[in-house]
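Here is a walk through the structure shown below, taken one piece at a time. Keep the sequence and the 3D view side by side as you read.

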Amino acid sequence: MEAALTWYQNSAVASAVGNSPTITAVLSAFHALGFTFVMGGALFANLGKLGALFPSRPVEEMAGPGSRLIALGLVLSLPTGVLLVGPKAITAAHNSTFQLKLLLILAASAVQFGLLRRGTRAVGALGLTLWIGLALAACAFILLE
Amino acid sequence: MLLQICEWLESTWLAELVTQSLYGFPIVVAVHLLGLGLSVGTVIWFDLRLLGKVLTAAPVSEVYRRLAPVMMIGFVMMFASGAVIFVGYATAAYNNPYFRIKLALIVLAGVNAAVFHFFTQRRLAGWDAWSAPPAAARAAGVISIASWVIVVLAGRMMSYTMF
């Protein structure tokens, strides 16, 4: 693991990102856009599941589009996040807030794409909690970075 | 004149709080990002309803009524924290091209919302339940999504080119 992180941090891609403020800025811009889509999708799908947004509408009308917006957000934010973390991959991997962020991405995605459609309201509550936790962890990572 | 106002803003106690305290700036940025997720992440669903892409069986007025509280909380968080950040770095922001793009697009989004509210929405009763709203409403949805996407992108570009 350590060897892989060292290889990645010393790779040409990570160096290019680390040495170019413009590349970092563009990546960060699309990372933030992805974050916005993930948050928007998570709120819509999970508040919908909880019956808090449109109680008279079928849950599928919110869960489906909400999950698709989350997927689009992840498609934007995950690759950009991997590239952004390159120049500081070793430090980030040992950072507990960053580890929590990764864990929350996995857990929230598993609940969202694996359980939400079939699950009960409790799954909606769990999904919402995990996505909000992820947003807070992302903010904490900025705070403590 | 504007530059002098920016310089004065940077001399206030609020600017000092943002720039000098250890956690002041990152905390305000965190609130700004959460506000962004809540506001833009919610307004997009109303825009998609105007485009006839989601909740097509629900009246447009109901979609707005249900989303508005979350949207408003998000916009208050985003604009209040954004104003505080601006006070701290007003001169740098004033000279930053991405800040100008961001501000112009926020104004465009505001004008778009006002035009929708005062003109398009006046005839809402006639098309409230339509699954695909009229062209003017769809145009408002497209302009809103495009504006906010550019605001997000320019906002992040700004923070990397300002300091």
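Let's start with how chain B folds back on itself: of its contacts between residues at least 6 apart in sequence, 82% join residues at least 24 apart. Two residues are in contact here if their C-beta atoms, placed from the backbone, lie within 7 Å. For chain A the matching share, again among contacts between residues at least 6 apart, is 73%.

Before going further, a word on what you are looking at. This is a predicted model, where local features need a pLDDT of at least 70, side-chain atom pairs count only at pLDDT 80 or more, and totals for chains, interfaces and linings use all residues. Residues are numbered from 1 along each chain as its sequence is written, while chains are lettered from A and ligands numbered from 1 in the order in which they are written.

How confident is the predictor? Its score for each residue is pLDDT, which runs from 0 to 100. Chain B averages 94, with 100% of its residues scoring at least 70; chain A averages 92, with 98% of the residues at or above that mark of 70. Within chain A, helix α2 (residues 12-19) has the highest mean pLDDT of its elements, 96, and helix α7 (residues 121-144) the lowest, 88. For the complex, the predictor gives an ipTM of 0.92 and a pTM of 0.93.

Now for the overall build. Chain B has 8 helices and 0 strands, and chain A has 7 helices and 0 strands. Both kinds of element are DSSP runs numbered from the N terminus: helices are H or I with at least four residues, strands are E with at least two. The C-alpha atoms of chain B fill a box of roughly 55 × 30 × 25 Å along the principal axes, and the C-alpha trace of chain A spans about 55 × 25 × 25 Å along its own.

What about the inside? A residue counts as buried if 20 or more other C-beta atoms lie within 10 Å of its own, as exposed if 12 or fewer do, and as partly exposed in between, with C-beta atoms placed from the backbone. By that rule, 38% of the 163 residues in chain B are buried, and so are 41% of the 145 residues in chain A.

Follow chain B along its sequence and you can meet a few residues in person. B:Gln20 is found in helix α2 (residues 13-20) of chain B, and counts as exposed because it has 10 C-beta neighbours inside 10 Å. Its C-alpha atom is 34 Å from that of B:Thr42, 22 residues apart along the chain.

Next comes B:Ile44, in helix α3 of chain B. B:Ile44 is buried, because 24 other C-beta atoms lie within 10 Å. Setting aside residues up to four places away in sequence, B:Ile44 touches A:Gly40 and B:Ile145. B:Tyr160 is 116 residues from B:Ile44 in sequence, and their C-alpha atoms are 26 Å apart.

In the loop between α3 and α4 of chain B sits B:Leu55. B:Leu55 is buried, since it has 25 C-beta neighbours inside 10 Å. Its phi is near 45°, a positive value in a residue other than glycine.

That loop leads to helix α4 (residues 60-88) of chain B, whose 29 residues should span 42 Å at 1.5 Å a residue; the end C-alpha atoms are 40 Å apart, which agrees. The expected span is 1.5 Å times one less than the number of residues. Look for a kink of about 45° at B:Ala68 in α4(B), shortly before the proline B:Pro69. The bend at a residue is the angle between axes fitted to the seven residues ending there and the seven starting there.

Where do the chains meet? There, 27 residues of chain B are in contact with 22 residues of chain A. On chain B, α3 (24-50), α4 and α8 (135-161) each supply at least two residues of the touching side. The largest share, 14 residues, comes from α3(B).

Finally, look at the largest nonpolar core, which has 75 residues; A:Ala42, A:Leu134 and B:Val152 have the most contacts inside it. Such a core is a set of buried Ala, Val, Leu, Ile, Met, Phe, Trp, Tyr and Cys residues joined through C-beta atoms within 7 Å. Its largest share, 13 residues, comes from α3(B).

Key
pLDDT is the predictor's confidence in each residue, from 0 to 100.
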